[in-house]
Amino acid sequence: MIQNENFITKEDASFHKRVREITVKNCSFAGIVNFDRVRNRIQCNSTLEKDFMYLLEYDRSVKNYLEQPFSIKYKDSKGKLCEYFPDFIVEYSDGKPTKLVEVKYSHILKNQEKELTEKIIAAEKFCNSNNFEFCIITESFIREEKEVELLNYKFLERYRSFFENINKDETAYPIFNTDVALLRNKMKTLKSCTVESLIKNITDDRDKQAELIFLNWFMVANRFFNADLSKKLTLNSIICLD
């Protein structure tokens with residue numbers, strides 16, 4: 001019988017600081033990802049976890065998330081006191097219960113079934129005690145079911161923080177970007193159109209069109225324009241105002 005001991009409470013899940021640092025010693029694919037919507041410098045154990053974070057970053061229902069949020073202490077089948085560190089805790093803004101998420105490749109779940117089963121039972125007991133949900137997410141969801149969205153999110157990420165990365169103190173950076181306003185004002189008139197149609201309605205100059213296409217993806221990435229991200233983004237994608 002596996003017993004849980006010294007559970008943290010729901011209030012301890014504050015989303016402020018991870019309890020374990022991920023290093024190369026823990027995993028050869030360890031790394032840091034800089035996302036701006038939720039917070040900066042998020043650590044990951046694998047490229048699969050990094051891909052999962054793209055899904056979290058662009059999910060409008062996600063209010064907050066944190067990697068390695070806390071440890072769950074439990075006794076294994078031999079009575080040994082163990083610790084389990086969930087990969088993520090995810091809080092939602094649409095009424096869905098908070099989730100503890102374990103991100104694992106399918107082959108690891110199979111090869112480490114006995115060890116992981118005890119951790120999973122401990123996590124499920126913790127979630128039942130705190131009105132959380134526990135789920136395991138594999139590459140079949142992240143990279144197959146969500147393949148198109150994932151590719152779109154990775155495409156948009158290069159545009160999303162473009163202006164924040166400019167050193168405004170050392171450049172002639174304008175406080176107000178007139179081309180962004182130009183795109184938005186034209187969209188107010190058109191209501192809904194393709195990216196290509198929006199740009200061509202503004203100018204015939206090829207160089208200017210290239211600049212406006214860049215800014216259009218900035219607008220989509222930051223949700224000033226809406227697009228169907230379940231379909232591959234192209235110049236023929238339909239966009240509209242948020």
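Two strands pair if DSSP finds at least two bridges between them. The structure shown above is a predicted model, and the exercises below concern its protein chain.

**Exercise 1. The neighbours of strand S7**

Determine which strands pair with S7, in what sense they run, and which residues stand opposite each other.

*Solution.*
Step 1. Strand S4 (residues 62-67) is joined to S7 by five bridges, and the two run antiparallel. Within this pairing, Val62 stands opposite Tyr92 of S7.
Step 2. Strand S8 (residues 99-103) pairs with S7 over three bridges, again in the antiparallel sense. Here Val90 is opposite Lys99 of S8.
Step 3. The hairpin of S7 and S8 has six residues between the strands, and Gly95 takes a positive phi near 95° there.
Step 4. Because four of the five residues of S7 (residues 88-92) are buried, S7 is largely enclosed by the rest of the structure.

**Exercise 2. The length and surroundings of helix H6**

Compare the expected span of H6 with the distance between its end C-alpha atoms, then state what covers its buried residues.

*Solution.*
Step 1. The expected span is 1.5 Å times one less than the number of residues. Helix H6 (residues 178-190) has 13 residues, so it should span 18 Å. The end C-alpha atoms are 18 Å apart, in agreement with that value.
Step 2. Asp179, Val180, Ala181, Leu183 and Met187 are the buried residues of H6.
Step 3. The elements covering these residues include the strands S10 (192-194), S11 (225-227) and S12 (238-241), together with the helices H7 (195-200) and H8 (206-221).
Step 4. At the start of H6, a side-chain oxygen of Asn177 comes to within 3.0 Å of the backbone nitrogen of Asp179. Just after H6, Lys191 has a positive phi of about 70°.

**Exercise 3. The surroundings of Cys193**

Explain why Cys193 forms no disulfide, and describe its surroundings.

*Solution.*
Step 1. A disulfide is a covalent bond between the sulfur atoms of two cysteines. The cut-off for the two sulfur atoms is 2.5 Å.
Step 2. The closest cysteine sulfur to that of Cys193 belongs to Cys240 and is 9.2 Å away, which is too far for a bond. The count of disulfides is zero.
Step 3. Cys193 lies in strand S10 and is buried, with a relative accessible area of 8%. Another buried cysteine is Cys82, whose relative accessible area is 15%.
Step 4. Leaving aside neighbours within four places in sequence, Cys193 is in contact with Met187, Leu198, Ser237, Ile238 and Ile239. Ser237 is 44 residues from Cys193 along the chain, yet their C-alpha atoms are separated by 8.1 Å.

**Exercise 4. Classifying an aromatic pair**

Decide whether the rings of Phe218 and Phe224 are stacked, edge-to-face or tilted.

*Solution.*
Step 1. A pair of aromatic rings is described by the distance of the centres and the angle of the planes.
Step 2. The count of aromatic pairs comes to 10. For Phe218 and Phe224, the centres are 6.2 Å apart and the planes stand at 40°, so the pair is tilted. The cut-offs behind this step are under 30 degrees for stacked and over 60 for edge-to-face.
Step 3. Phe218 is buried, with a relative accessible area of 9%, whereas Phe224 is partly exposed at 35% relative accessibility.
Step 4. One aromatic cluster is formed by Phe155, Tyr159, Phe162, Phe214 and Trp217.

Definitions and conventions:
Residues numbered from 1 in each chain as written. Predicted model: local features only at pLDDT ≥ 70, side-chain atom pairs only at ≥ 80, totals over all residues. Heavy atoms only, no water. Phe/Tyr/Trp six-rings, centres within 6.5 Å; stacked < 30°, edge-to-face > 60°. Buried < 20%, exposed > 50% of the residue type's maximum accessible area, 1.4 Å probe, protein only. Contact = heavy atoms within 4.5 Å. Polar contact = N/O pair within 3.5 Å; in protein donor to acceptor, adjacent residues only side chain to side chain.
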